[in-house]
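Q: I'd like a close look at one part of this protein, and then a walk through what surrounds the topic. Here is what I'm working with.

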Amino acid sequence: MEFGPAERARILRKLDWHLLPFVSLLYLLSFLDRTNVGNAKVAGMSKDLNLVGFRYNIAAAVFFILYSLAEVPSNIALKLFRPSRWIPTIMVAWGLVMTLMCLVNTYQGLVGARIFLGLTEAGLFPGVTYYISLWYPRAERSMRIAIFFSAATVAGAFGGILAYIIEKMDGIGGLHGWQWIFCLEGIVTMIVAFTAFFFMYDYPETASFLTETERRYVIDLLKEDSNSLATHYDFRFVLQALKDYKTYVQVGIYIGLLIPVYAIALFSPTIINELGFSAANAQLLSVPPFVAGCIFTILVGIYSDKHKLRGPYVIGGAFVSLLGYIALYTQRSAATSYAGTVLAAVGVFPTIAVNLAWAGSNAGGDLKRGVVIAMVIGLGNLGGICSSFVYLDPPRFHIGHGVIMGWLSLSILLSFFAMWNYRRINKQKEELCQARGITADRRDEFTEMGDGSPLFRYTI
């Protein structure tokens with residue numbers, strides 16, 4: 001079925017309007033609920049729970065243990081069950097945990113709650129990233145993942161404003177202001193989770209908002225884009241993901257980008273507070289870096305799709321963020337350091353969406369792609385443990401900034417390697433196809449080979 005560019009754009013836009021606003025809202029709530037501990041700390045939690053020494057760092061870090069381990073099983077479950085049932089179910093679970101965190105009154109209770117919050121939130125981000133890949137062809141995914149991920153930057157901005165307002169409820173109902181932050185944000189998550197049971201669509205094949213002609217076009221578009229690779233469940237495809245060294249290269253790139261993202265989310269109020277601003281102003285001044293990050297996340301996603309390139313945008317963003325951290329490391333002026341914080345966010349936030357689009361696009365077959373995305377996000381999120389322990393030496397935080405500069409440099413180097421490697425393999429496949437006369441009409445022969453198919457081409 002052939003449609004012109006204008007009709008194709010219209011159908012993709014229709015998908016966007018029906019899918020992206022809702023999944024972006026889900027991720028906004030997810031990111032808000034996992035990082036509001038940073039706002040709660042500045043709002044008085046640190047004093048009330050006696051978070052001395054490494055206690056806050058441990059409470060921030062334990063979230064990532066079960067969060068990382070549960071992501072691959074969750075994406076397999078998403079394939080076995082329907083997205084409209086699996087994703088809302090895990091949302092209800094983490095919303096309940098978040099709400100009940102308002103009852104925490106000891107350090108031990110906070111640690112226990114954060115562990116369970118990590119377990120229940122684990123499936124959302126890899127699940128929605130995988131979900132987007134089931135609706136859009138490879139060249140169209142970066143912008144969509146960017147729009148969805150930009151919800152994290154909105155959450156960072158929104159979280160600061162919300163915390164500033166909610167902490168004024170201190171004393172109401174016998175709860176501290178920071179406890180109200182957990183309570184109200186958890187209740188909102190649960191309300192949205194219940195509506196998600198009715199508003200989420202599963203797959204293009206069952207999308208009620210598409211006409212029969214549009215549905216057939218989207219299905220054919222995805223089939224052609226995937227070179228007719230397998231879409232069914234088979235444990236072989238899980239093993240393909242686990243044994244592929246290219247998966248671990250993408251994990252390395254992602255972990256080097258995610259550590260700065262979590263550091264900004266968990267510690268920007270503290271960093272800004274240490275620059276000499278009051279706690280309340282620090283909550284508000286943590287907003288602009290996230291707003292700028294949101295704008296650039298979407299812009300970079302659009303241009304990455306337009307140019308059908310991933311690696312150069314990852315490298316460019318990581319380098320800009322590196323400049324921001326160099327400013328934070330070297331400058332004593334509060335204004336210059338704050339500008340460094342904005343630059344760090346503007347550079348690194350856009351790279352996450354592009355990197356995930358890159359990893360997902362270069363994994364052939366539905367199930368392998370789901371497992372690769374979950375592995376990249378799951379293993380990458382272990383970096384959150386690192387983020388939680390590197391900001392140890394206020395007010396300049398040289399250890400934290402220095403460690404993050406090292407991780408960004410690693411991501412840049414691994415991205416250069418990945419680009420070279422993908423080009424090398426593409427060239428080998430082109431030579432093989434020419435030598436053996438392999439053309440697209442033989443693609444059914446390679447259905448279960450994943451991206452090992454001679455007809456599959458990696459995105460650079």
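Which residues form a nonpolar patch on the surface, and about how much accessible area do they have together?

A: Keep in mind that this is a predicted model. The nonpolar surface patch is made up of Val-291, Ile-295, Phe-296, Leu-299, Ile-302 and Tyr-303. Taken together, these side chains have about 500 Å² of accessible area. To get your bearings, pick out Ile-295, which sits in helix 14, the stretch covering residues 287–307. Ile-295 comes out as partly exposed, because its relative accessible area is 47% and the partly exposed class runs between under 20% for buried and over 50% for exposed.

Now for the charged side chains. Side chains of opposite charge can pair when their charged atoms come close. Counting a Lys or Arg side-chain nitrogen within 4 Å of an Asp or Glu carboxyl oxygen as a salt bridge, the model has 16 of them.

Start with Asp-16 and Arg-144, whose closest N and O atoms are 2.9 Å apart. Asp-16 belongs to helix 1 (residues 5–48) and Arg-144 to helix 8 (residues 141–166), so this pair ties together parts that are 128 residues apart in sequence. Both ends are tucked away: Asp-16 counts as buried at 13% relative accessibility, and Arg-144 counts as buried at 5%.

Next, look at Asp-220 and Arg-216, which meet in a salt bridge at 3.4 Å, N to O. These two are four residues apart in helix 10 (residues 212–225), which means about one helical turn separates them. Here the partners are partly exposed, Asp-220 with 25% relative accessibility and Arg-216 with a relative accessible area of 37%.

A further pair is Arg-457 with Glu-430, where the N to O distance is 3.9 Å. Glu-430 is in helix 19 (398–436) while Arg-457 is in the segment after that helix, so the bridge ties together parts that are 27 residues apart in sequence. Arg-457 is partly exposed at 24% relative accessible area, and Glu-430 is partly exposed too, at 40%.

Finally, some salt bridges link up into a network, and this one takes in Glu-7, Arg-10, Lys-14 and Glu-214.

So, back to your patch: if you want one residue to click on, Ile-295 in helix 14 is part of that nonpolar group.

Methods:
Residues numbered from 1 in each chain as written. Predicted model: local features only at pLDDT ≥ 70, side-chain atom pairs only at ≥ 80, totals over all residues. Heavy atoms only, no water. Patch = residues over 30% accessible without salt bridge, like charges linked within 9 Å, V, L, I, M, F, W, Y side chains within 5 Å. Areas by Shrake-Rupley, 256 points an atom, 1.4 Å probe, with all protein chains shown as cover. Buried < 20%, exposed > 50% of the residue type's maximum accessible area, 1.4 Å probe, protein only.
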